[in-house]
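User: Please take a close look at a single part of this model. I would like one strand followed through its sheet, its partners and its surroundings, and then a word on the charged pairs.

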Amino acid sequence: QVQLVESGGGLVQPGGSLRLSCAASGGGFSAYAMGWYRQAPGKQRELVASITSGGNVNYADFVKGRFTISRDNVKKTVHLQMNSLKPEDTAVYYCKRFSVVPLWGQGTQVAVSS
């Protein structure tokens, strides 16, 4: 059974940093693009950042210059380094594998508050 498990969420003050991790167990990893999405209460899930199998990255405008996505194909992990966090970054963050049948993790909560 292929699974994605996120970790690294928590409560942080505005301006702070967090590093999210997503670990894949079983199945393929290196051949797939991976992404981070987020969903705030009452809002739709939205793409935050993605990275192709070859390492090309893409960011939503609202995180450009603040977040960095990276992957380690040996460890089957994808990371999201989040700096200069704002209260509006508060959401549940989800990892996704862009496969024919998309695979999602269970999410990790990020709260930005003073």
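Analyst: Start with β7 and β8, which run antiparallel and are joined by 6 bridges. The model is a predicted one. One of the residue pairs here is Ser70, which stands opposite His79 of β8. The two strands form a hairpin with 4 residues between them. Within this hairpin, Lys76 adopts a positive phi near 55 degrees.

Now the other neighbour. β8 also pairs with β3, residues 18-25, again in the antiparallel sense and over 6 bridges. His79 turns up here too: in β8, His79 stands opposite Ser21. Leu18 has Met82 of β8 as its bridge partner. His79 therefore faces Ser21 on one side of the pairing list and Ser70 on the other.Next, the sheet as a whole. The sheet is open, has 4 strands and follows the order β1-β3-β8-β7, with antiparallel pairing. β1 (3-7) and β7 (67-72) stand at the edges. Each of these edge strands has a single partner, so one side of each is left without a neighbour in the sheet. On average, and ignoring direction, neighbouring strands of this sheet are turned by 15 degrees against each other. Strands of a sheet pair through backbone hydrogen bonds, either parallel or antiparallel.

How enclosed is β8? Of its 6 residues, 5 are buried, so β8 is largely enclosed by the rest of the structure. The core gives more detail. The largest nonpolar core has 28 residues. Those touching the most other members are Trp36, Val78, Leu80, Met82 and Tyr93. β3, β4, β5 (46-51), β7, β8, β9 and β11 (108-112) each give two or more residues to this core. β3 supplies the largest share, 4 residues. Met82 thus appears twice in this account: as the bridge partner of Leu18, and among the core residues with the most contacts to other members. In soluble globular proteins, nonpolar side chains tend to be buried together.

Finally, the charged pairs. The structure holds 4 salt bridges. Arg38, Glu46, Arg66 and Asp89 are linked in a network of them. Within it, the side chains of Arg38 and Asp89 meet at 2.8 Å, N to O. Arg38 lies in strand β4 (residues 33-39), while Asp89 sits in the loop between β8 (77-82) and β9 (91-98). The pair ties together parts that are 51 residues apart in sequence. Both partners are buried: Arg38 has a relative accessibility of 7%, and Asp89 has a relative accessible area of 1%.

Arg38 also forms a salt bridge with Glu46, with the closest N and O atoms 2.9 Å apart. Glu46 is partly exposed, at 32% relative accessible area. Arg38 is buried at 7%, so the cut-off of under 20% is met.

Another salt bridge joins Lys64 and Asp61, whose closest N and O atoms are 3.2 Å apart. Asp61 is exposed, with a relative accessible area of 64%.

Conventions:
Residues are numbered from 1 along each chain as its sequence is written. This is a predicted model: local features need pLDDT of at least 70, side-chain atom pairs count only at pLDDT 80 or more; totals for chains, interfaces and linings use all residues. Side-chain values use heavy atoms; hydrogens and water are left out. Buried means under 20% relative accessible area, exposed over 50%, partly exposed in between (1.4 Å probe, protein chains only). Two strands pair if DSSP finds at least two bridges between them. Axes are lines fitted to C-alpha atoms, for helices over the stretch in contact, and angles run from 0 to 180 degrees between N-to-C directions. A nonpolar core is a set of buried Ala, Val, Leu, Ile, Met, Phe, Trp, Tyr and Cys residues joined through side-chain atoms within 4.5 Å.
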